[in-house]
Amino acid sequence: PGLRFGGKLAGRRAVTVFLKQNQRLFRGGLRFDVEWAGVCGDRAVAQWRNKGVTRDGRPYANRGVTVFRLEGDVIVGIQDYLDTELIAATWPR
């Protein structure tokens with residue numbers, strides 16, 4: 001969701017690169033805590049919170065929900081819902 005952070009990533013490599021780049025924006029990485037998770041059919045859902053300190057020393061915390069689409073034991077789709085305005089105000093361009 002969101003204009004700056006919305007979009008699609010396709011393939012394991014693209015997702016892995018994105019996640020690694022994301023972690024580098026924070027001193028010591030961004031910590032995620034799952035508050036609850038559930039599975040129904042071919043969907044899994046996790047509600048989470050995260051927190052960290054940006055490379056320029058600003059505290060960051062967000063929360064959201066991630067929906068995973070499964071084919072057997074493989075994740076084939078991910079949709080995130082979170083406060084993208086908070087990301088835009090905190091993260092470097």
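This is a short tour of a predicted protein model, stop by stop.

**Before you start**

Residues are numbered from 1 along each chain as its sequence is written. Because the model is predicted, local features need pLDDT of at least 70, side-chain atom pairs count only at pLDDT 80 or more, and totals for chains, interfaces and linings use all residues, while side-chain values use heavy atoms and leave out hydrogens and water.

**Stop 1: the whole chain**

Select the protein chain. Its C-alpha trace spans about 40 × 25 × 25 Å along the principal axes. You will find two helices and four strands. Helices (H or I, at least four residues) and strands (E, at least two) are DSSP runs, numbered from the N terminus. Starting at the N terminus, the order is α-β-β-β-β-α.

Now colour by pLDDT, the predictor's confidence in each residue, from 0 to 100. The chain averages 85, and 90% of the residues score at least 70. Which element has the highest mean pLDDT? Strand 1 (residues 31-40) does, at 96. Helix 2 (residues 84-90) has the lowest, at 79.

Switch on the surface. The accessible surface comes to about 7,000 Å² (Shrake-Rupley method, 1.4 Å probe; for residues, only the protein chains shown count as cover). Carbon and sulfur atoms own 55% of that surface. Of the 93 residues, 23% are buried. Buried means under 20% relative accessible area, exposed over 50%, and partly exposed in between (1.4 Å probe, protein chains only).

**Stop 2: threonine 54**

Select threonine 54. It sits in the loop between strand 2 (43-53) and strand 3 (59-71). Is threonine 54 buried or exposed? It counts as buried, because its relative accessibility is 3%.

Show its side chain together with aspartate 56. A polar contact of 2.4 Å joins the two side chains. A polar contact is a pair of N or O atoms within 3.5 Å; within protein, one must be able to donate a hydrogen and the other to accept it, and residues adjacent in sequence count only if both atoms are side-chain atoms.

Next, light up the residues in contact with threonine 54 (heavy atoms within 4.5 Å). Leaving aside neighbours within four places in sequence, they are Leu25, Phe26, Arg27, Tyr60 and Thr90.

**Stop 3: threonine 66**

Move along to threonine 66, in strand 3. This residue is buried too, with a relative accessible area of 7%. Which side chain makes a polar contact with the side chain of threonine 66? Pick aspartate 80, at 2.3 Å. Aspartate 80 is also among the residues that threonine 66 touches, not counting those up to four places away in sequence. The others are Ala44, Val45, Ala46, Trp48, Ile78 and Gln79.

**Stop 4: glycine 72**

Select glycine 72, in the loop between strand 3 and strand 4 (74-82). At 65% relative accessibility, glycine 72 counts as exposed. Add leucine 9 and draw a line between the C-alpha atoms. The line covers 21 Å, and the two residues are 63 residues apart along the chain.

**Stop 5: glycine 29**

Finish at glycine 29. Its place is the loop between helix 1 (12-24) and strand 1. Glycine 29 counts as buried, at 14% relative accessibility. Beyond its neighbours within four places in sequence, glycine 29 is in contact with Gln23 and Gly52. Last, select arginine 58. Glycine 29 and arginine 58 are 29 residues apart in sequence and 13 Å apart in space, C-alpha to C-alpha.
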